[in-house]
Amino acid sequence: MNAKEKKGKIYKPVLFTVGALLLVEIIFGVFFTEDFGNLMVNMMYIVGDNFGWWINLLCVVGIFIGIAIVVARYGDVVIGGKDAKPDFTTWQWFSMSICGGIGCGLLFWAMGEPIYHYMDPPVAAGIEAETREAAIFAVSQAMFDWSFVQYFIYTLPALAFALLAFNYRKSLSFQSLVDVTFKRKMNWLTTLLHICCAWAVASGVSNSMGAGLMQISGGINAVFGVPQGPAMYLFITIFVAVFFILSCLTGIHKGLSYVSTACMICFFALLIYVVVFGDAQFIGKIGTEATGQILDNFFGKITYNNTLAPDDQWANEWSITYWNSFFIYAPVIGMFLARMGKGRTVRQFVLVEILVPSLFCCLFIAIFAGMIMKMQCEGIVDVWARVQELGMQTALYQVLGAMPFGKAVQVLFLVTVVLSFVTLADPNTSAMSTLCVHGQEIDSEPPRNIKIVVGVMVSVVAYLLVVSGGMDAVKGLLNIGGLLMTIPTLWLFLICFRLCGRLLKSKNHMIDPEQGSDDLKTVENGLELVVEETGAGE
């Protein structure tokens, strides 16, 4: 069966292999629940201790590559050709870019993460816990963890896939990357990449969903008094899975666009509420000082590790785990974000995809983390004690409940968590489904039945992660998948230079596929011409 006949059909080796891997995880989670949880917890430290330096270094490389593309002539290339028009409005572009990469993690950690950094800062930071310096560090590190590094990692793969799909007129798949890189088809390598990527992202979505389940259950417990446990987790899993799968089935132009808009409205409502009813003066002060600390120590915050302090596991539990989680998602979020690049210059696309979500996340965390620091440092609420007593997922709602109109805000926060998770799970389920189909075009949707199968599988794994080992098990799975995806992500980083370079020399910033899949046919035709002119072979 040739490529045209395969187009749109199920990529059986990918779907069946990924399904088998997830099934193994499900079996271990069901029959060896405690051992499965312990294994995932240990993997967080094994990966961090042995490969943390590589993860940190790759983040730094990605930032320099992104800056180089923006300031050089590469940024002049128009995605889709000089005559291309955008498929999405600026608002749709901004809202889907912000929501598509955040998930419910921002809501979960914007308030929860700073209290951990305040009580237990890393040895490398050189500061004492529970001090003024620790409070500013806690807010700045939370802002940094969810902003620039994340979006450099997402944007470069997005640029690579956008150029391959719109300018090179190729399918939205790793096959296009392999063909252009090696100038010939390597089906075994394409299949391997699709399997690794689909499994890693399924693990990442399961992780995000696991965090979401814990946070939604904490909210239901805080608002309605329903006790947390496996039964509640199962009910929430079924509800959220149905929600995001239905959204995914409607396609990017319908379900996701509407859910992203609703999610952004909730985000801004929460921000306005905290500024109006919280201490805006304190939030402004600590937010600006935290911003200054980011600017003073930008690359130092990327490269924290436990050099000469092997007992300090802060970097493994926080920054390295975050970077790994971003590498997990990089290729598939890249495939999703690539759809919004049409009609934009490379420079516009890169700047918007990095700056808009990053600045929004910094603002959101500065406000919510500032509120937490105010409550903790001035004794309004002992946030740390409540985290220890109730678990972070419940403690956050308790903090919101202590503010004016607390019950209403708790409900709004709970709704936002659900919407935010859907905006992550929807595009990633679609992208994973794309990996399980031959020759998927960027403007078309994968088969509905594949989306349903993928959505159900990641939901089951998420449930098992939560009931087996909680948040540490979730982090362990992230580290395994993230390490696996660093190689294809670096490949996508570097191919951007080559793709843009060729397009700058081409007519209308487009490569005509009829001239040959990549440069291979050009080389073959040139060799044939030489043979004819020299009379060789006669």
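Me: Why is Glu289 called partly exposed?

Reply: The structure above is a predicted model. In this model, Glu289 has a relative accessible area of 39%. Buried requires a value under 20%, and exposed requires one over 50%. Glu289 is therefore called partly exposed, because 39% lies in between.

Me: What makes Arg132 and Glu289 a salt bridge?

Reply: The closest N and O atoms of Arg132 and Glu289 are 2.7 Å apart. The cut-off is 4 Å between a side-chain nitrogen of Lys or Arg and a carboxyl oxygen of Asp or Glu. The pair therefore meets the rule for a salt bridge. Arg132 belongs to helix H6 and Glu289 to helix H12 (residues 280–296), so this salt bridge ties together parts that are 157 residues apart in sequence.

Me: How many salt bridges does this rule give?

Reply: The count comes to six salt bridges. Among them is the one between the side chains of Asp179 and Lys185, at 3.1 Å from N to O.

Me: How do we know whether Asp179 is buried or exposed?

Reply: The relative accessible area of Asp179 is 4%. Because 4% is under 20%, Asp179 is buried. Its partner Lys185, at 48%, is partly exposed, because this value falls between 20% and 50%.

Me: What makes the contact between Lys374 and Glu378 a salt bridge?

Reply: The side chains of Lys374 and Glu378 meet at 2.7 Å, N to O, and the limit is 4 Å. Lys374 counts as buried, with a relative accessible area of 16%, whereas Glu378 counts as partly exposed at 46%. Salt bridges that share partners also join Asp279, Lys374 and Glu378 into one network.

Me: Why is the pair of Phe144 and Phe298 called edge-to-face?

Reply: A search of the whole structure finds 31 aromatic pairs. In this one, the centres of Phe144 and Phe298 are 5.1 Å apart, with 90° between the planes. Ring centres must lie within 6.5 Å to pair, and planes over 60 degrees apart count as edge-to-face. Both conditions hold, and the name therefore follows. The pair links distant parts of the chain: Phe144 lies in helix H6 (residues 132–145) and Phe298 in helix H13 (residues 298–302), 154 residues apart.

Me: How do we know whether Phe298 is buried or exposed?

Reply: Phe298 has 19% relative accessibility. The limit for buried is under 20%, and Phe298 therefore counts as buried. Phe144 is also buried, with a relative accessible area of 0%.

Me: Why is the pair of Phe360 and Phe364 called tilted?

Reply: The rings of Phe360 and Phe364 are 6.1 Å apart, centre to centre, and 35° separates their planes. Stacked pairs need planes under 30 degrees apart, edge-to-face pairs need over 60, and the rest are tilted. An angle of 35° meets neither of those limits, and the pair is therefore tilted. Phe360 and Phe364 both lie in helix H16 (residues 346–377), four residues apart, about one turn of the helix. Phe360 counts as buried at 7% relative accessibility, and so does Phe364 at 1%.

Me: What makes the side chains of Trp146 and Tyr322 a polar contact?

Reply: The distance that joins the side chains of Trp146 and Tyr322 is 3.3 Å, and the cut-off for a pair of N or O atoms is 3.5 Å. Trp146 is found in the loop between H6 and helix H7 (148–167). With a relative accessible area of 6%, Trp146 is buried. The C-alpha atoms of Trp146 and Trp323 are separated by 9.7 Å, although the two residues are 177 residues apart along the chain.

Me: Which residues have the most contacts inside the largest nonpolar core?

Reply: They are Phe244, Trp323 and Phe368, in a core of 182 residues. The largest share of this core, 19 residues, comes from helix H20 (residues 448–505). Leaving aside neighbours within four places in sequence, Phe244 is in contact with residues including Met209, Phe421, Val422 and Val458.

Me: How do we know where pLDDT stays under 50?

Reply: The predictor's confidence is under 50 over residues 516–538, for which the model has 14 contacts beyond four places in sequence. The mean pLDDT of the protein chain is 84, and 88% of its residues reach 70 or more.

Technical notes. Residues numbered from 1 in each chain as written. Predicted model: local features only at pLDDT ≥ 70, side-chain atom pairs only at ≥ 80, totals over all residues. Heavy atoms only, no water. Phe/Tyr/Trp six-rings, centres within 6.5 Å; stacked < 30°, edge-to-face > 60°. Helix = DSSP H or I, 4+ residues; strand = E, 2+ residues; numbered from the N terminus. Buried < 20%, exposed > 50% of the residue type's maximum accessible area, 1.4 Å probe, protein only. Polar contact = N/O pair within 3.5 Å; in protein donor to acceptor, adjacent residues only side chain to side chain. Core = buried A, V, L, I, M, F, W, Y, C linked by side-chain atoms within 4.5 Å. Contact = heavy atoms within 4.5 Å. pLDDT = per-residue confidence, 0-100.
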